[in-house]
Amino acid sequence: MERLLHAKAHGVRVIGSSTLALCLLASGAADAYYQFGLHCWDLAAATVIIREAGGIVMDTSGGPLDLMSCRVVAAGTREMATLIAQALQTINYGRDDEK
């Protein structure tokens with residue numbers, strides 16, 4: 001979080017609902033979102049909505065999104081998503097397809 005604040009973020013909000021946060025991103029009310037520990041059912045529909053709205057959804061490592069990895073970075077632009085992914089230290093919560 002401290003790294004992102006040094007990257008000139010104007011604010012960081014935690015609203016308590018990953019679904020709501022991802023919908024805010026798709027609507028343009030938020031610029032970016034990242035999370036570790038989300039399950040594939042938390043991400044599947046939101047990924048489609050964000051991509052259809054022109055946003056980017058990727059893995060926290062900066063690679064393509066793997067719905068089973070339980071981690072995500074989503075942003076309005078690829079540059080923003082990449083900046084966030086580079087600032088994160090990836091946490092491994094396991095995979096949904098291994099549980």
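**Entry 1: strand S3 and its neighbours**

I started with one residue pair: Met-58 stands opposite Val-73 in S3. Keep in mind that I am working from a predicted model. Met-58 sits at the end of S2, which covers 56-58. I then looked at the rest of that pairing and found S2 and S3 (residues 71-75) antiparallel over 3 bridges. Val-57 also has a bridge partner in S3, and that is Ala-74.

What joins S1 to S3? I get 5 bridges, again with the strands running antiparallel. On that side, Gln-35 has Val-72 as its bridge partner in S3.

**Entry 2: the whole sheet**

I put the pairings together as an open sheet of 3 strands in the order S1-S3-S2, with antiparallel pairing. Strands S1 (32-36) and S2 (56-58) each have a single partner strand, so they stand at the edges and one side of each has no neighbour in the sheet. From one strand to the next, I note an average twist of 10°.

How many of the residues of S3 are buried? My tally is 5 of the 5, so S3 is largely enclosed by the rest of the structure. I also checked which way they point: Arg-71, Val-73 and Ala-75 go one way, while Val-72 and Ala-74 go the other. That fits what I expect of a regular strand, where side chains alternate between the two faces of the sheet. I made a note of Arg-71 in particular, since it is listed among the buried residues here.

**Entry 3: helices on the sheet**

Next I looked up what packs on the sheet. For S2 and S3, paired over 3 bridges, I wanted the helices that touch them. Helix H2 (residues 18-27) packs on the sheet, touching S1 and S3, and its direction makes about 155° with that of S1. Helix H4 (residues 78-87) packs on the sheet too, touching S1, S2 and S3, at about 30° to the direction of S2.

Which residues of H2 are buried? I wrote down Ser-18, Ala-21, Leu-22 and Leu-25. Down the axis of H2 they fall within an arc of 95°, so they line one face of the helix. The spacing makes sense to me, because an α-helix has 3.6 residues a turn and residues three or four places apart point the same way. The cover over these H2 residues includes S1, helix H3 (40-52) and S3. Right after H2 comes Gly-28, with a positive phi near 95°.

**Entry 4: cysteines and rings**

I searched for disulfides and got 0. Cys-70 is in none, and its nearest cysteine sulfur, that of Cys-40, is 7.3 Å away; the cut-off is 2.5 Å, so this pair does not count. Is Cys-70 buried or exposed? At 1% relative accessibility, I log Cys-70 as buried. Cys-23, with a relative accessible area of 36%, is partly exposed.

I found 1 aromatic pair. Tyr-34 and Phe-36 meet edge-to-face, 6.3 Å centre to centre with 70° between the planes. Tyr-34 is partly exposed at 23% relative accessibility, and Phe-36 is buried at 12%.

**Entry 5: the chain overall**

Last, I counted 4 helices and 3 strands, running α-α-β-α-β-β-α from the N terminus on. Of the 99 residues, 33% count as buried. Taking contacts between residues at least 6 apart in sequence, I get 59% joining residues at least 24 apart.

Note on methods: Residues are numbered from 1 along each chain as its sequence is written. This is a predicted model: local features need pLDDT of at least 70, side-chain atom pairs count only at pLDDT 80 or more; totals for chains, interfaces and linings use all residues. Side-chain values use heavy atoms; hydrogens and water are left out. Buried means under 20% relative accessible area, exposed over 50%, partly exposed in between (1.4 Å probe, protein chains only). Rings of Phe, Tyr and Trp (its six-membered ring) pair if their centres lie within 6.5 Å; planes under 30 degrees apart count as stacked, over 60 as edge-to-face and the rest as tilted. Two strands pair if DSSP finds at least two bridges between them. Helices (H or I, at least four residues) and strands (E, at least two) are DSSP runs, numbered from the N terminus. Axes are lines fitted to C-alpha atoms, for helices over the stretch in contact, and angles run from 0 to 180 degrees between N-to-C directions. Contact means heavy atoms within 4.5 Å. The arc is that of the directions from the helix axis to the C-beta atoms.
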